[in-house]
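Reader: Please take me through one part of this fold closely, with its packing and its backbone geometry, and set that part within the chain as a whole. I would rather have one connected account than a list.

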Amino acid sequence: MDARCRSTKSTTTKVKATTNTVNGDSTKSSDAQALPLYFTNAVFFTLFFSVVYYLLGQWRMKIRNSVPLHFVTPLEIVALVALVASLVYLIGFFGIDFVQSLFLRPTAEGWTSEDDDERSIVKDDSRKVPCGAALDCAVSPQVPPTVLSVPKSVDLLPVPIKLNEEDEEIVKSVVVGTTPSYSLESKLGDCARAAAIRREALQRITSKSLSGLPLDGFDYASILGQCCEMPVGYVQIPVGIAGPLLLDEKEFSVPMATTEGCLVASTNRGCKAIHLSGGANSVLLRDGMTRAPVVRFATAKRAAQLKIFLEEPENFETLALVFNKSSRFARLQNIKCAIAGKNLYMRFSCSTGDAMGMNMVSKGVQNVLDFLQEDFPDMDVIGISGNFCSDKKAAAVNWIEGRGKSVVCEAIIKGDVVRKVLKTNVEDLVELNMLKNLAGSAIAGALGGFNAHASNIVTAIYIATGQDPAQNVESSHCITMMEAVNDGSDLHVSVTMPSIEVGTIGGGTQLASQSACLNLLGVKGANREAPGSNARLLATIVAGSVLAGELSLMSALAAGQLVKSHLKYNRSSRDIPSVSSS
């Protein structure tokens with residue numbers, strides 16, 4: 001306790017000292033006032049305007065009576081002295097800060113403004129202990145901290161990159177359009193060099209700076225031809241850890257890449273509640289990626305004939321053999337068709353191993369279309385995807401039939417945990433879930449959105465593990481259910497998610513950072529012993545994390561803590577000047 005008091009006292013002193021210093025040790029004139037500041041200001045304001053009014057009246061009388069202005073009475077001398085004194089005070093109080101802001105601005109290299117007070121305090125008071133233990137630990141002796149130097153803003157003007165003569169010529173050719181920007185990698189054979197040249201050319205063309213966008217420290221060769229075209233840098237997103245999540249009797253530390261304050265902390269609280277209640281359980285209902293091409297015939301009758309052919313059980317084995325030739329992991333599961341006039345939509349579903357599988361299923365569909373063309377030569381293939389899949393769009397077909405992995409995750413939260421950890425009660429949670437997630441979503445006409453914020457957790461995990469963030473649209477389809485059990489003392493909570501689209505190989509999963517997050521979860525790469533098990537495990541982890549997030553947010557809403565927590569964790573005072581209190 002004494003250590004905490006000493007720490008608080010020292011940091012408070014530091015804040016005051018820093019606030020009263022501007023590029024040195026000069027203090028404000030107002031700091032020397034013995035009287036209250038508002039009273040002193042009122043006295044000098046009144047004195048200044050009274051003296052001015054008196055002197056103007058006296059000088060007007062002298063002009064009327066033809067008395068020289070330099071002849072002054074003793075009372076006028078006192079008034080002049082009072083005028084000068086009040087003027088000096090007012091300029092000193094209101095003018096010094098303004099003048100210093102114009103002529104004594106600190107440089108970016110030596111920035112020590114009030115905005116850095118909080119970072120200095122944090123650095124001075126850091127503890128090398130877990131967060132939970134930090135409350136009862138004394139501050140270890142440390143060397144006096146150095147104020148961190150943080151640039152206030154990104155330069156408005158482009159900062160040129162140092163280039164050799166050859167690269168300079170290439171930049172100029174890109175600027176004038178002689179060399180296409182997209183061809184730099186193939187012409188130079190150096191992905192990092194191509195990114196630097198493209199970046200410099202872009203700055204010159206737009207006259208905008210990219211100095212805040214990192215360039216170095218990234219393997220640009222790893223994204224060539226599969227992740228991103230024409231790179232000029234990379235965006236940094238912080239990764240937080242929620243957990244451990246106790247799911248199916250195993251613990252997982254869940255990586256979440258996000259810039260939304262409170263999200264990781266809230267999910268972490270939900271994980272704690274689940275862990276203290278014995279953990280959660282998950283069930284995988286389906287595992288199949290879909291692709292639905294659209295074809296056209298001259299008549300609706302002809303389209304119906306193909307529909308009947310595809311849905312005939314006797315033909316499925318032949319179609320499966322043709323489809324499965326595309327990959328050793330692709331296995332056709334079923335084909336469902338829908339007709340719109342003379343247009344036929346065929347929804348192919350297949351397992352894809354540990355890959356998310358969009359490319360895999362597309363190749364298999366193409367094989368089947370080529371095969372069907374022999375028996376249906378009048379079939380006109382309009383598109384390999386006819387939106388009956390349905391990819392990256394909220395669709396009832398995904399909500400009902402599922403796409404990717406369909407998962408249910410449940411847990412029974414003890415009543416004591418609901419009260420002590422979640423700060424609410426079972427009855428309020430059940431009522432809120434019914435009125436918000438079920439009735440409220442129905443009134444809104446929601447499609448798959450019968451939840452509090454499933455997409456928050458899904459997107460954060462997707463970004464951290466290299467999934468396709470755009471697929472959070474259908475992957476976030478979720479219905480959250482809450483029910484009082486064990487005579488109303490405990491809470492049964494579940495999430496049902498019919499279309500979680502994830503993979504552990506391919507795409508962004510092979511990048512170093514994303515691969516590290518997959519490795520943390522124990523699902524990196526393909527599982528050679530049981531193909532597809534890594535991707536299925538990742539899907540259950542996503543569902544378990546959504547369960548934790550739903551539980552915590554609903555509890556915050558039921559307890560009226562949402563606004564308070566966001567004001568505490570999701571509002572930065574970094575760009576708000578500090579105000580010293582005396």
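Author: A residue is called buried here when its relative accessible area is under 20%, exposed when that area is over 50%, and partly exposed in between. The model is a predicted one, and within it Ile 197, in helix α8 (residues 191–206), gives a plain case of the first class: its relative accessible area is 0%, so Ile 197 is buried. Leaving aside residues up to four places away in sequence, Ile 197 touches Asp 167, Ile 170, Val 171, Leu 184 and Leu 188. Between Ile 197 and Lys 172, which are 25 residues apart in sequence, the distance from C-alpha to C-alpha is 9.6 Å.

For the chain as a whole, 40% of the 582 residues count as buried, and the secondary structure comes to 20 helices and eleven strands. When contacts between residues at least 6 apart in sequence are considered, 72% of them join residues at least 24 apart.

The part to look at closely is helix α9, together with the strands and loops that lead into it. Helix α9 covers residues 263–276, which makes 14 residues, and it reaches 20 Å from its first C-alpha to its last, close to the 20 Å expected at 1.5 Å a residue. Its buried residues are Leu 263, Val 264, Ser 266, Thr 267, Arg 269, Gly 270, Cys 271, Ala 273 and Ile 274. An α-helix has 3.6 residues a turn, so residues three or four places apart point the same way. The buried list of α9 includes Leu 263, Ser 266, Gly 270 and Ala 273, and the elements that cover its buried residues include the strands β1 (239–247), β2 (250–257) and β8 (404–413) as well as the helices α14 (415–420), α16 (454–465) and α19 (533–559).

The backbone around this helix deserves attention too. Most residues other than glycine have a negative phi, and most peptide bonds are trans. In strand β1, where Pro 244 lies, a cis peptide bond joins Gly 243 and Pro 244, with omega about 10°. In the loop between β1 and β2 lies Glu 249, whose phi is near 65°, a positive value in a residue other than glycine; Glu 249 is exposed, because its relative accessible area is 75%. In the loop between β2 and α9 is Cys 262, with a positive phi near 85°, again in a residue other than glycine, but here the relative accessibility is 14%, so Cys 262 counts as buried. After α9 comes Gly 278, whose phi is positive as well, near 100°.

Further along the chain, a second cis peptide bond runs from Cys 389 to Ser 390, with omega near 0°, and Ser 390 lies in the loop between β7 (380–383) and α13 (396–401). In the loop between α12 (358–375) and β7 is Pro 377, which at 60% relative accessibility counts as exposed. The C-alpha atoms of Pro 377 and Phe 297 are separated by 9.8 Å, although these residues are 80 apart along the chain.

Helix α19, one of the elements that cover the buried residues of α9, also leads to the interior. In soluble globular proteins, nonpolar side chains tend to be buried together. The largest nonpolar core here has 51 residues, of which Met 256, Ile 413, Ile 500 and Val 546 touch the most other members, and its largest share, eleven residues, comes from α19. Not counting residues up to four places away in sequence, Val 546 touches Ala 454, Ile 457, Val 458, Cys 478, Val 495 and Met 497. Apart from this core lies another, of 29 residues, among them Phe 323, Cys 350, Met 356 and Leu 372.

Helix α19 also meets helix α15 (residues 426–443): their axes come within 10 Å and cross at roughly 100°. Angles of 65 to 115 degrees count as roughly perpendicular, and α15 and α19 are therefore roughly perpendicular to each other. In this contact Asp 428, Leu 429, Leu 432, Asn 433, Lys 436 and Asn 437 of α15 meet Glu 550, Met 554, Ser 555, Leu 557 and Ala 558 of α19. The residues of the contact divide into five nonpolar, three polar and three charged.

Conventions: Residues are numbered from 1 along each chain as its sequence is written. This is a predicted model: local features need pLDDT of at least 70, side-chain atom pairs count only at pLDDT 80 or more; totals for chains, interfaces and linings use all residues. Side-chain values use heavy atoms; hydrogens and water are left out. Helices (H or I, at least four residues) and strands (E, at least two) are DSSP runs, numbered from the N terminus. The expected span of a helix is 1.5 Å times one less than its number of residues. Buried means under 20% relative accessible area, exposed over 50%, partly exposed in between (1.4 Å probe, protein chains only). Contact means heavy atoms within 4.5 Å. Axes are lines fitted to C-alpha atoms, for helices over the stretch in contact, and angles run from 0 to 180 degrees between N-to-C directions. Angles under 35 degrees count as roughly parallel, over 145 as roughly antiparallel, 65 to 115 as roughly perpendicular and the rest as oblique. Ala, Val, Leu, Ile, Met, Phe, Trp, Tyr, Cys and Pro count as nonpolar, Asp, Glu, Lys and Arg as charged, and the others, Gly among them, as polar. A nonpolar core is a set of buried Ala, Val, Leu, Ile, Met, Phe, Trp, Tyr and Cys residues joined through side-chain atoms within 4.5 Å.
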